[in-house]
Amino acid sequence: MPHLDATTAAVLAGAAFVAGAVNAVAGGGSLISFPALLWAGYSPVVANVTNAVALLPGYAGGTFGYRPELTGQAARAGRLVAVSIVGAGLGSVLLLAGPEAVFSRLVPWLILFSCAVLAAQPAIGGWLRTRSGAARGDASPLLLGVQLVGGVYGAYFGAGLGVLMLAVLGIFVEDGLQRLNALKGLLSLVINLVAAICFVVAGRVAWEAVTIMAVASLVGGRLGVTVARRLPDRLLRALVIGFGVAVAIRLLL
């Protein structure tokens, strides 16, 4: 495990704060915090495991702030939480049991995939607004199946998961965007909680980094809307995508 000097600790804290804020607003925060852990010298698997644990307080803070929007969504949330738990368990086992070399080779492509999803978010949102009258339903087997896959992906890597889930929920569930965003935050919290428990039991967490990042991500999650909305959406999205692409290219080279 690398030793964290004052500069590295400050970078990790700043990355976790911004990641918590971005996750609370829309998703994609791991594109900031995960590369920061790689930069600090952690291996890809340890960085991914540590990132999941470190950002957990941020997801909790965002969900706490969205309590009013979750009112009346108990039945819907219950179904999606159940499949998310199963998916997250499978994804955690896949990450921990699989060869680290395979994950290391996949990381740049997973980052680029997440960047592409984030870049396509405005187009996805526009398409969703045209889908009036489409067959939907929060009990749809297709939605539950997609959420199961989302749980696997979220525990295995997770960057861009929030964007994907918000898009999928918008297709199947007839509700306001703020309420869907609150539901997305709850599901993200559940997936990361299951993954974090598995990772802690497996003993792969870099606790020194978690100690620094967890508090910062909690503050970022609670202040996410206030902080992230100070930047125009396009600028925030461009900064996150640019950072992610640069990291992916660096890893590929």
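What follows is a short conversation about how some descriptions of this predicted model are reached.

Visitor: What makes up the fold, helices or strands?

Guide: The protein has 13 helices and zero strands. Read along the sequence, the pattern is therefore one α after another, α-α-α-α-α-α-α-α-α-α-α-α-α.

Visitor: Why is G62 called buried?

Guide: Buried means under 20% relative accessible area. G62 has 13% relative accessibility, so G62 counts as buried. The residue sits in helix α4, which covers residues 56–65.

Visitor: What does G62 touch, leaving aside its neighbours within four places in sequence?

Guide: G62 is in contact with A24 and G221. Contact means heavy atoms within 4.5 Å, so each of these two residues has a heavy atom within that distance of one in G62. In addition, the C-alpha atoms of G62 and V219 are separated by 9.5 Å, although the two residues are 157 apart along the chain.

Visitor: How do you know that the span of helix α9 agrees with what is expected?

Guide: The expected span is 1.5 Å times one less than the number of residues. Helix α9, residues 161–172, has twelve residues, so it should span 16 Å; its end C-alpha atoms are 17 Å apart, which agrees.

Visitor: What makes α9 mostly covered?

Guide: Eleven of its twelve residues are buried. Among them are L161, G162, V163 and F172. Buried means under 20% relative accessible area, so each of these residues falls under that cut-off. In the protein as a whole, buried residues make up 53% of the 253 residues.

Visitor: What is known about the largest cavity?

Guide: The structure holds three cavities of 30 Å³ or more, and the largest has a volume of about 90 Å³. A cavity is a set of points where a 1.4 Å probe fits but cannot get out, so the term describes an enclosed space rather than an open pocket.

Visitor: Which helices supply at least two residues each of the lining of the largest cavity?

Guide: They are α3 (44–54), α8 (141–156) and α10 (177–202). The largest share, three residues, comes from α3.

Visitor: How do the lining residues divide into nonpolar, polar and charged?

Guide: There are six nonpolar, six polar and no charged residues. The lining includes L55 and F157, as well as G154 and G158. Leu and Phe count as nonpolar and Gly as polar, so L55 and F157 belong to the nonpolar group, while G154 and G158 belong to the polar one.

Conventions: Residues are numbered from 1 along each chain as its sequence is written. This is a predicted model: local features need pLDDT of at least 70, side-chain atom pairs count only at pLDDT 80 or more; totals for chains, interfaces and linings use all residues. Side-chain values use heavy atoms; hydrogens and water are left out. On a 1 Å grid over the protein atoms alone, a cavity is a set of points where a 1.4 Å probe fits but cannot get out, and a pocket is an open set with protein on both sides within 12 Å along at least five of seven lines; lining residues have an atom within 4 Å of a point. Grid points are joined across faces, edges and corners, and a volume is the space filled by probe spheres set on the points. Helices (H or I, at least four residues) and strands (E, at least two) are DSSP runs, numbered from the N terminus. Buried means under 20% relative accessible area, exposed over 50%, partly exposed in between (1.4 Å probe, protein chains only).
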